[in-house]
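Student: Please take a close look at the charged side chains of this model. I would like one connected account that also places them along the chain.

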Amino acid sequence: MSTENDDVTDAELLAEIEAEIEKEALNANTSTTTTTTTTTTTAAAANNNQNDTVPLNDTSNILNGTASGHAIPDANSYDGGAQLTQFQDSVITTGSDVSILLMVILAILFIIQLIRKSHQHFRLQSMIKNVENPLDSARPMAAENLTPINPRYDHNAVAVYNTEFEDKKVFLQRQNDGAPPSVLKDILLKRAAKCVEKADVLRRDGMGIRKNWLMDLLPRDVWDDFNAAQRNLQQEINSVAQENQRYQFNWGQPHGTNVFSKARDEHQRKMFIQNKVMQQKIQQQRQMQQQHAQQQPHRQQAQSATAASQQGAAAGGGGQSQHAPSAKAFGNGFTPGFFNSGSNANASGGGGGGAGDGKKLSKKEKKELNKQKKQMKHSGNTAMAANAGMQNGVGDASSGATTTQQQQQVRRRKGKHRFANK
């Protein structure tokens, strides 16, 4: 009994031992796998930390790939992000093609605009060459004489500032000939007056000329002429002052020995006379214009009357007899009915006035008729008098017409009211 129990027990023990061995083997395998994973994760973390803590001195070694333990990764080792998608590639290639196309279009437009501008420029230059310059046909005139008050003024003239001093030539010539000081004094006064006149002109036009020159609106010829005129004027003023000091001329009170003060008075007197003459001319022109305006309506009336008479003569020699009388003038040459003859008057006196009405005339109406008959007897031939009055516009025809109206509009006696006695 005991042996059988021991055999069973040994077999079970062996089975249990085998089972435990298998379990231990399985446990060992799982532990090894977990250990390897943990070691790998820790190694990766250590590597990352070490990569992050690379010193700055090893940057060049890293770039060159010589740093210890830090090798540059290969570009082919990265699979994600290095490759472009098809959409991205199409966008990039399409954008580059569009930019090329835009550059070509801009180049074409630039060439077209260049051709158009060049054509406009040459066309404008050709048109400018065909324009006549008014200065070519203008007559040069000294600037001090180019004023409307000057009798020799010409609107087609162009101003010239740098002109010669004619009085200076005359003064030097007379001085060489040995002229007396009185003659030289008069010529010197003319020279000084000319200097004053030129100085006023240069002062008047100087501001406008300088402004136009700064704005590039003035020809260089005019600018050079203006500057030369200023220089020559200054030389002439100095020459006149030296000659005046040399001869010691006295110009009277209040000028003394100042020749330019006397010249200023002479210049102002000359300008006053020219202005007065100019005003007289303007007044005469206005009067002539007014007379012409007044005579023009009379001339038009005379011309219209002449034309009307010519048309009337061409229409026929009948005159007024061929034209029909107006409604107001019709019947002016005829006399009333009962004024023509005595028999008609008697017939009308017997009741002709009221024949149309079938009533007899009153006493007042008969008196009026008798007065009219007496007037007709004294007037003579009423028909001739009426015709003469018609031609003259006054006469007995008007009186005959008024009497006719009175006879036609005879005031009737107002009948008694039937209720008057009540």
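**Charged side chains in their setting**

Tutor: Glutamate 16 counts as partly exposed because its relative accessibility is 45%, and the class between buried and exposed runs from 20% to 50%. The model is a predicted one. Glutamate 16 sits in helix α1, which covers residues 2-52. Together with Glu12, Glu20 and Glu24, Glu16 forms a negative patch on the surface.

A patch of the opposite sign is made of lysines: Lys360, Lys363, Lys366, Lys367, Lys371, Lys374 and Lys377 gather there, giving positive charge on the surface. Of these, lysine 360 is located in the loop that joins α9 (342-352) to α10 (363-379). With a relative accessible area of 77%, lysine 360 is exposed, since the cut-off for that class is over 50%.

Other charges are paired. Side chains of opposite charge can pair when their charged atoms come close. The whole structure holds 12 salt bridges. One of them joins the side chains of aspartate 154 and arginine 139, at 4.0 Å from N to O. This pair links distant parts of the chain, 15 residues apart: arginine 139 belongs to strand β1 (139-142), while aspartate 154 is in the loop between β1 and β2 (157-160). Both partners are partly exposed, aspartate 154 at 23% relative accessible area and arginine 139 at 40%.

The loop between β1 and β2 also supplies glutamate 144, whose side chain meets that of lysine 194 in a salt bridge of 3.4 Å, N to O. Because lysine 194 is in helix α6, this pair ties together parts 50 residues apart in sequence. Glutamate 144 has a relative accessibility of 7% and is therefore buried, the limit for that class being under 20%. Lysine 194, in contrast, is partly exposed at 23%. The pair is part of a network of salt bridges that links Glu144, Lys194 and Lys198.

A further salt bridge lies within one helix. Lysine 262 and glutamate 266 meet through their side chains at 3.9 Å, N to O. They are four residues apart in helix α8, so about one helical turn separates them. Lysine 262 has a relative accessible area of 23% and is partly exposed; glutamate 266 is also partly exposed, at 23%.

The stretches leading into and out of helix α7 have backbone features worth listing. Aspartate 216, in the loop between α6 (181-214) and α7, has a positive phi of about 60° although it is not a glycine. This aspartate 216 is exposed, at 65% relative accessible area. Beyond α7, glutamine 248 lies in the loop that leads to α8, and its phi is likewise positive, near 55°, in a residue other than glycine. Glutamine 248 is exposed at 55% relative accessibility. Proline 254 lies in that loop between α7 (220-247) and α8 (259-315) as well, and the peptide bond that reaches proline 254 from glutamine 253 is cis, with omega near 0°.

As for the overall setting, the protein has 12 helices and two strands. Their order from the N terminus is α-α-α-α-β-β-α-α-α-α-α-α-α-α. Buried residues make up 17% of the 422 in the protein.

Key:
Residues are numbered from 1 along each chain as its sequence is written. This is a predicted model: local features need pLDDT of at least 70, side-chain atom pairs count only at pLDDT 80 or more; totals for chains, interfaces and linings use all residues. Side-chain values use heavy atoms; hydrogens and water are left out. Patches are made of residues with over 30% relative accessible area and no salt bridge: like charges are joined within 9 Å, nonpolar side chains (Val, Leu, Ile, Met, Phe, Trp, Tyr) within 5 Å. Accessible areas come from the Shrake-Rupley method with a 1.4 Å probe; for residues, only the protein chains shown count as cover. Lys and Arg count as positive and Asp and Glu as negative; His and the chain ends are not counted. The place of a charge is taken as NZ of Lys, CZ of Arg, CG of Asp or CD of Glu. Buried means under 20% relative accessible area, exposed over 50%, partly exposed in between (1.4 Å probe, protein chains only).
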